Amino acid sequence: MKKFLSELSQILEEGFRACGYDASYGKVNVSNRPDLCEYQCNGAMAAAKAYKKAPIAIASAVVEAIKDHPALERIEAINPGFINIQVKSEFLVEYLMKMAKDPECGIEKAKDPMTVIVDYGGANVAKPLHIGHLRSAVIGESVKRIIAKAGHRVIGDVHLGDWGLQMGLIIEQFHDENPDLPYFDPNFTGEYPKESPFTISELETIYPKASKRAKGDPKNGVEADVEFANRAHQATVRLQSGDPSYTALWKHILSVSLADLKKNYDNLDVHFDLWKGESDAQKYIPDMIEKFEKDGFAYESQGALVIDVAEESDSKEIPPCIVRKSDGGALYATSDLGTLVEREKDYHPDWYVYLADKRQALHYTQFFRVAKKTGIVPADARLDYIGFGTMNGKDGGPFKTREGGVMRLEQLIREINEAVYQRIMEGREVSEEEARATAKVIGLAALKYGDLSNQATKDYIFDIDRFASFEGNTGPYILYTIVRIKSILAKYAEQGGQVSEVTTLLPSTSESIKNLYRVLSRYNEVFESAVNEIAPHKLCQYIFELSNAFNGFYHETKILAEEDEKVRASYIALIVLTKRVLEENIELLGFSAPEKM
RNA sequence: GUGUCCGUAGCUUAGUGGAUAGAGCGUUGGCCUCCGGAGCCGAAAGCAAGGGUUCGAUUCCCUCCGGACACGCCA
C-alpha cells in the first residue's frame with residue numbers, strides 16, 4: 001500500500017508539473033509547525049534556485065493550480081516559500097480504512113525478496129551469556145524480524161565461538177582434574193561414553209579457571225602457567241586436526257553448552273534458525289586459502305599470509321587482512337571467510353547483516369573487502385555491519401555488578417523482573433504467581449525497549465530503575481497502553497458489542513482524534529525508514545508517539561458511553577487499529593504484551 | 001602518534017540544510033460523579049566553543065576543547 005505522504009505528495013507533484021516545474025519538488029512532509037498546518041512542502045524554495053525565480057511566486061502558482069483538489073481542506077503559500085497544507089478528515093479516514101482492511105496493515109512487501117543472513121548472538125561455547133551478549137541478541141533479533149516483515153527470506157545464525165584456544169584450555173583443565181577418564185587414555189580403543197562427563201554448571205567453572213591459569217592473574221600476583229598454556233595450545237591443535245578422543249570430548253562440551261544457550265536465548269525470546277559455529281567453517285579453509293594464493297590475492301608478510309585491502313579513498317591506511325598466522329593457524333577473519341564460503345554454497349544470500357560490537361569495525365572492513373575482492377561473495381552482494389555501542393552503567397563506565405565483575409545475563413533478567421514485580425505488587429491486588437508471570441513479560445519489554453530505543457551505534461546507559469518504570473518512554477508504558485485498550489475491548493464485548501469486520505471510521509473535528517489518525521497513517525512510512533536504516537529505535541519512537549496519541553484521545557473521549565452507535569463503532573474500530581499497530585511493532589521489537597498488568 | 005565515532009535542558013535521549021530543536025525522568029502548577037490516575041493538560045530549562053560555505057547551519061566543511069574506541073598474527 002502506498003504511503004500516505006506519497007499520496008499527498010502526488011497531489012503537490014501534479015501542481016508543480018502543471019506549473020512547468022519538475023515534479024520532484026512536490027515532496028510533502030509532516031509539518032514541523034503543527035500550530036500552522038498538518039503537512040508542508042518546501043519544494044518551492046529548492047525550485048527557486050534551479051529556476052531563478054522568487055520562491056513565493058512558485059509556491060503561489062502551485063497552490064493556485066491545485067487548491068480545489070478534493071483531498072485538501074486548506075493549502076496556502078507562506079513567505080518565503082512554504083506551502084502549508086491541511087487535509088480533509090475524509091481523505092485521512094479513507095486511507096486508514098484501506099489500512100485496516102489490508103492484511104499487511106499498509107506495509108508494502110519487497111518486490112524482489114532477498115535471501116538475508118543475519119549473523120548475531122555471538123555466544124561462546126562453555127561460557128555463560130553475560131551482558132556483553134545482550135545487545136547483539138536484542139538488536140539482532142529485532143533486525144531479523146524487521147527484515148522478514150519487509151518481505152525478505154531471513155536466516156538468523158548464532159555463529160558460535162566453538163573453535164579457538166578456549167577449547168584447548170577447557171580440555172587440558174578438565175584433563176588435569178579428571179586424568180582417569182578414557183578420553184585421556186592413549187591406549188583406549190572402545191567407544192567413548194554417550195553421556196557427558198560434566199554438567200553445564202561444572203563446565204562453566206572450568207573455563208575461567210583455565211583462562212586465569214594460562215594468562216596468570218597479575219592483580220592477585222598469580223603468575224601465568226606457561227607449561228599449561230603450551231599444553232592447551234597443543235590440545236587445540238590436536239582437536240583441530242581431528243583427534244577422536246578430543247573430538248568426542250568437544251562434542252560433549254558443545255551439546256551441553258548448546259542446550260543451556262538455547263534455554264537462555266529462549267528466555268530472551270531470541271530464536272536462531274541456524275546454530276552454526278566457527279568449527280563448521282574449518283573444512284572450507286584449506287581450499288579457500290589455496291585459491292587466495294593461486295589467484296594472487298594472498299602473499300607472505302612477516303611469516304603470515306595476508307591480503308591487501310587498502311583502497312585509494314581511505315583516509316587512513318587499512319592494514320592488510322591476515323588470513324593465516326605465521327604458525328599456520330587460522331584466525332578470526334579466516335573463520336569468518338570460511339563461513340561465507342559455506343553460506344554461499346548453502347544459501348547464496350543477497351544480503352548479509354552482521355551484528356557485533358562497534359570496536360570490531362576495522363575487522364569487518366577488512367573482512368568485507370577480502371570477501372568482495374576475492375570473489376567469495378558476488379560483487380553485488382550487500383554486506384552490512386551494525387556496530388553497536390557499549391552498555392554502560394550509571395557512572396558512564398562499562399556496566400558491572402556491584403562487586404565489579406561481569407554480570408551474567410540470567411542475573412540481569414532476574415534483577416529487572418524483580419524490579420517490575422515489586423512495582424506490580426505496589427499497585428493492585430494480584431496473586432504472587434500471577435504477578436511473577438506478568439513481571440517476566442513486562443521485564444523483557446523493559447529490558448529490550450530500554451536497549452532498542454537508543455540508536456544502536458551509540459553507547460547507552462543501562463538503568464534498571466528507569467527501564468522498569470511504568471511511566472515515561474519505557475517498554476512497560478507501551479504495554480500499559482495496549483493492556484488498557486484490551487481492557488476497553490473486553491468491556492465492550494461484555495456489553496454485547498461486536499467488533500465488526502467491516503471497519504467504519506468517521507471523520508472527526510476533534511484534535512485528539514485527528515492526531516491519532518495522523519499518527520496511525522504514518523505506520524508504513526516509519527516502518528520503511530526503519531528497514532532502510534536498519535533502525536529499530538525508530539519503531540520505539542513511533543509506538544511511544546502512538547501511545548501518547550492514544551492516551552490523549554482516551555482521556556478526552558468517552559468511548560463505551562458514547563450514545564451514537566456509529567460514532568461508538570468508529571471509536572472501537574480506531575482503538576482496534578491502534579492496538580494492532582502497537583502489537584505489530586512490539587512483535588518486531590521482540591517482546592509481547594500481557595493480558596493484564 | 002594516526003584514524004573512526006560522539007558532545008543536544010540537572011539527568012536519559014530523539015531530530016532536521018529551512019518557520020518557534022521534540023520527548024521522557026526530575027523540578028513545578030492544575031485535572032479523579034467518567035471505559036484502568038501506571039493517566040491527562042500546563043510551566044521553567046538545551047544544540048561544548050570559534051570560524052567558514054549558504055538566502056538560511058544544531059545538521060555540511062575547518063579549527064579547537066572534552067569523551068569513547070580502534071590501530072597485522074585475540075575473538
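Start by selecting helix α14, residues 409-426: its 18 residues reach 26 Å from the first C-alpha to the last, close to the 26 Å expected at 1.5 Å a residue. Keep in mind as you go that this is a predicted model.

**Along α14**

Now show the side chains of Leu 409, Leu 412, Ile 416, Asn 417, Val 420, Tyr 421 and Ile 424, the buried residues of α14. Look at how they are spaced. An α-helix has 3.6 residues a turn, so residues three or four places apart point the same way. To see what these buried residues pack against, add α5 (134-149), α9 (244-267), α15 (432-452) and α16 (464-467) to your selection. Leave α5 on display, since it returns below.

**Over to the RNA**

Next, bring up RNA strand B and the 70 residues that surround it. Good ones to label are Gln 302, Lys 325, Leu 331, Gly 472 and Ser 487, which are the closest. Helix α14 turns up here again, as one of the elements that supply at least two residues each of the surface near RNA strand B. The others are α2 (43-51), β4 (82-87), β8 (304-307), α13 (361-373), β13 (460-461), α17 (475-494) and α20 (536-556). Try colouring this surface by class: you should find 27 nonpolar, 27 polar and 16 charged residues.

**The open sheet**

Hide the RNA and select β6, β5, β10 and β11, given here in their order across an open sheet with parallel pairing. At the edges are β6 (153-157) and β11 (382-388), each paired on one side only. Looking across the strands, you will see a twist that averages 15 degrees from one strand to the next.

Which strand should you cross first? Try β5, residues 115-119, joined to β6 by five bridges. Click on Val 118, whose bridge partner in β6 is Gly 156. Then turn to the β10 side, where four bridges join β5 to β10 in parallel and Val 118 stands opposite Val 353.

Stay on β10 (351-357). Is this strand mostly covered or mostly open? It is mostly covered, with five of its seven residues buried. From β10, carry on to β11: the two pair in the parallel sense over seven bridges, and Asp 357 stands opposite Phe 388.

**Back to α5**

Finally, bring α5 into view once more. It lies across β5, β6, β10 and β11, running at about 160 degrees to β10. With α14 switched back on, you can follow α5 from the sheet to the buried residues of α14, which pack against it.

Conventions: Residues are numbered from 1 along each chain as its sequence is written. Chains are lettered from A and ligands numbered from 1 in the order in which they are written. This is a predicted model: local features need pLDDT of at least 70, side-chain atom pairs count only at pLDDT 80 or more; totals for chains, interfaces and linings use all residues. The expected span of a helix is 1.5 Å times one less than its number of residues. A residue is buried if 20 or more other C-beta atoms lie within 10 Å of its own, exposed if 12 or fewer, and partly exposed in between; C-beta atoms are placed from the backbone. Two residues are in contact if their C-beta atoms, placed from the backbone, lie within 7 Å. A residue is near a molecule or strand if its C-beta atom, placed from the backbone, lies within 6 Å of it. Ala, Val, Leu, Ile, Met, Phe, Trp, Tyr, Cys and Pro count as nonpolar, Asp, Glu, Lys and Arg as charged, and the others, Gly among them, as polar. Two strands pair if DSSP finds at least two bridges between them. Axes are lines fitted to C-alpha atoms, for helices over the stretch in contact, and angles run from 0 to 180 degrees between N-to-C directions.
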